[in-house]
Amino acid sequence: MDDNKVLTLVSNERIPLTPAMRMVFEIESLRNATPATVSRAGILFINETDIGWAPFATSWTERRDSDTEKSCLPGFFDKYIPQLIAMLKEKGVEYLTPVMTISKVSALCHLLEGYLSAVPESEKDGHRIERLFLYACIWAFGGCAAADKTTDSRQLFNEVWRDVAKGGLKLPEAGLCFEYAVDPASGDVCEWSELVPRYEPVGVVKFSNIVVATADLVALKTLTTNLQTNGHGVLFVGSAGTGKTVLVRDFLRSLPIEKYDTATINMNFYTDAVTTQGQLEAPIEKRSGKSYGPPAGKVLVYFIDDLNMPFVEEYGTQTPIELLRMHADYGSWYDRADLSLRKQVVDCQFICAQNHKAGSFSVLGRYQRHFAAFGCQSSSDADLAMIFGSILDAHLESFSSSVQKVGKGIVDGTLAIHREMASRFLPSA
């Protein structure tokens with residue numbers, strides 16, 4: 001746009017702006033803007049702390065129907081959140097993928113929607129709401145904390161949370177705070193391991209389709225149910241082999257088919273916006289006017305696997321992510337053949353998974369903010385022994401007792417070899 005207020009598009013089409021017309025650009029950064037562009041606009045830089053998370057929390061609280069919640073929640077936000085944010089920064093807690101403060105607070109609010117809806121109105125009081133508030137903080141602020149050979153931010157977060165939450169919610173001292181579940185309806189505390197169902201043999205199926213529940217799997221599946229029931233997105237972050245895809249597929253299979261349809265989209269380096277839009281539109285149909293969606297009366301849950309794998313263009317964008325962001329922000333996208341048709345896509349939800357050690361490592365913050373991010377950690381030795389032991393024991397049930405006795409030894413020996421191989425033969429890239 002030059003000084004005479006004529007906007008020239010890439011197609012060489014020229015659009016004159018009248019004196020009554022103004023243009024406002026909302027952008028993440030100026031790294032791709034030329035000096036000529038910047039000099040013709042007034043720049044207003046807004047830092048993450050300028051507005052902060054408080055307006056979001058206030059507006060969310062005011063939309064709650066319960067008068068008890070409206071009176072109690074503002075005090076809990078003021079009492080705990082600033083202290084928690086400051087201590088996490090001071091301790092240097094690291095995350096598997098960058099998560100902005102506003103994203104953590106929005107995840108907290110979305111988790112609370114599910115927890116508070118399970119409490120009868122007659123039983124809601126300040127103490128019950130405070131306990132659920134502090135428990136939701138564990139997963140909203142620490143669900144994506146990193147834990148690997150070099151750092152253990154989950155342990156750091158556990159120390160910070162216990163210091164902040166003392167007096168409001170007391171969990172057993174043994175283990176991390178992530179290992180405990182709080183029942184919203186009764187307020188009882190128990191270990192996630194107590195909620196793990198017994199493995200039931202599933203017959204002859206592909207080995208990749210066998211799911212043996214662990215404490216981590218039960219915890220993440222419960223959190224996903226909480227968020228998905230209320231229409232909120234979930235993002236799982238973890239390296240290869242941590243069970244992200246297995247977890248989501250198992251969750252999708254548990255959804256009632258009379259209420260939900262599901263669709264899986266696997267992204268890779270060559271996935272572009274055109275391909276993604278075609279895959280998104282395949283399971284939906286026209287309803288009325290410009291409205292599109294799954295069959296009436298159903299909700300479509302998309303599973304986007306390897307979200308961060310698409311090619312990063314010269315200017316730092318990933319076209320499939322931008323298309324998904326448009327739907328997340330505005331609930332629509334444009335038709336490829338008729339650019340004047342803006343399709344309103346309704347009754348759709350998204351669950352995503354990404355490997356933080358591959359592809360672009362992270363995705364656009366403007367899209368990621370729509371999700372509650374949870375980390376998928378590598379299984380412990382005890383979990384691996386339980387998983388493979390359960391599968392092998394079920395297979396050996398038809399054998400004699402002398403054969404069944406060697407099952408545990410086979411599992412332990414195999415895991416010992418795997419540990420030795422993993423420690424000696426490190427990744428080459």
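Where is the place of Ile27? In this predicted model, Ile27 sits in the loop between E2 and helix H1 (35–39). The close-ups below start from that loop and move on to other parts of the chain.

**View 1. A nonpolar surface patch that includes Ile27.** Met23, Phe25, Ile27, Leu30 and Ile43 together make a nonpolar patch of about 490 Å² on the surface. Ile27 belongs to the loop that runs between E2 and H1. Its relative accessible area is 49%, so Ile27 is classed as partly exposed.

**View 2. Asn12, a residue with positive phi in a loop.** Here we look at the loop between strand E1 (6–8) and strand E2 (14–16), where Asn12 is found. Asn12 is not a glycine, yet its phi is positive, near 70 degrees. Most residues other than glycine have a negative phi. Asn12 is exposed because its relative accessible area, 62%, is over 50%.

**View 3. Asp347, between strands E11 and E12.** Asp347 lies in the loop that links strand E11 (342–345) with strand E12 (348–354). It is another residue to check in a backbone plot: the phi of Asp347 is positive, about 55 degrees, although the residue is not a glycine. With 35% relative accessibility, Asp347 counts as partly exposed.

**View 4. Lys124, a buried lysine in a loop.** Which residues does Lys124 touch, not counting those up to four places away in sequence? The contacts are Ser66, Thr68, Glu69, Leu116 and Val119. Lys124 itself is found in the loop between helix H5 (101–117) and helix H6 (126–142). Its relative accessibility is 13%, and because buried means under 20%, Lys124 counts as buried.

**View 5. Helix H5, a mostly covered helix.** Of the 17 residues in H5, 14 are buried. The length of this helix can be checked simply: at 1.5 Å a residue, H5 should span 24 Å, and its end C-alpha atoms are 25 Å apart, so the two values agree. The loop with Lys124 lies between H5 and H6.

**View 6. Strand E13, covered on both faces.** Why is E13 described as largely enclosed by the rest of the structure? Five of the five residues of this strand (residues 371–375) are buried, which is the reason for that description. On one side are Phe371, Ala373 and Gly375, and on the other are Ala372 and Phe374, all of them buried. Strand E5 (residues 233–237) pairs with E13 in the parallel sense, over five bridges. One of the residue pairs to look for is Val237 with its bridge partner in E13, Gly375.

**View 7. The hairpin of strands E7 and E8.** Strand E7 (residues 285–288) and strand E8 (residues 291–293) run antiparallel and are joined by three bridges. Two residues lie between the strands of this hairpin, and Gly289 in the turn has a positive phi of about 60 degrees. Lys286 has Tyr292 of E8 as its bridge partner.

**View 8. Strand E11 and its partners.** Tyr292 appears again here, standing opposite Val345 in E11. E8 and E11 run parallel and are joined by two bridges. Strand E10 (residues 332–334) also pairs with E11, this time antiparallel and through three bridges. In that pairing, Trp333 has Lys343 of E11 as its bridge partner. Which residues form the covered face of E11, and which the uncovered one? Lys343 and Val345 are on the covered face, while Arg342 and Gln344 are on the uncovered one.

**View 9. Ala215 in helix H8 and its contacts.** Ala215 is found in helix H8 (residues 215–229). Leaving aside neighbours within four places in sequence, Ala215 is in contact with Trp192, Ser193 and Val196. Leu195 is 20 residues away along the chain, and the C-alpha atoms of Ala215 and Leu195 are separated by 7.5 Å. Ala215 has a relative accessible area of 23%, so it is partly exposed.

**View 10. Asp412 and Gly75, two residues to frame together.** How far apart in space are Asp412 and Gly75, C-alpha to C-alpha? The distance is 51 Å, and the two are 337 residues apart in sequence. Asp412 is part of helix H15 (residues 407–424). At 33% relative accessibility, Asp412 counts as partly exposed.

Conventions: Residues numbered from 1 in each chain as written. Predicted model: local features only at pLDDT ≥ 70, side-chain atom pairs only at ≥ 80, totals over all residues. Heavy atoms only, no water. Helix = DSSP H or I, 4+ residues; strand = E, 2+ residues; numbered from the N terminus. Buried < 20%, exposed > 50% of the residue type's maximum accessible area, 1.4 Å probe, protein only. Contact = heavy atoms within 4.5 Å. Pairing = 2+ DSSP bridges. Patch = residues over 30% accessible without salt bridge, like charges linked within 9 Å, V, L, I, M, F, W, Y side chains within 5 Å. Areas by Shrake-Rupley, 256 points an atom, 1.4 Å probe, with all protein chains shown as cover. Salt bridge = Lys/Arg side-chain N within 4 Å of Asp/Glu carboxyl O. Expected span 1.5 Å × (residues − 1).
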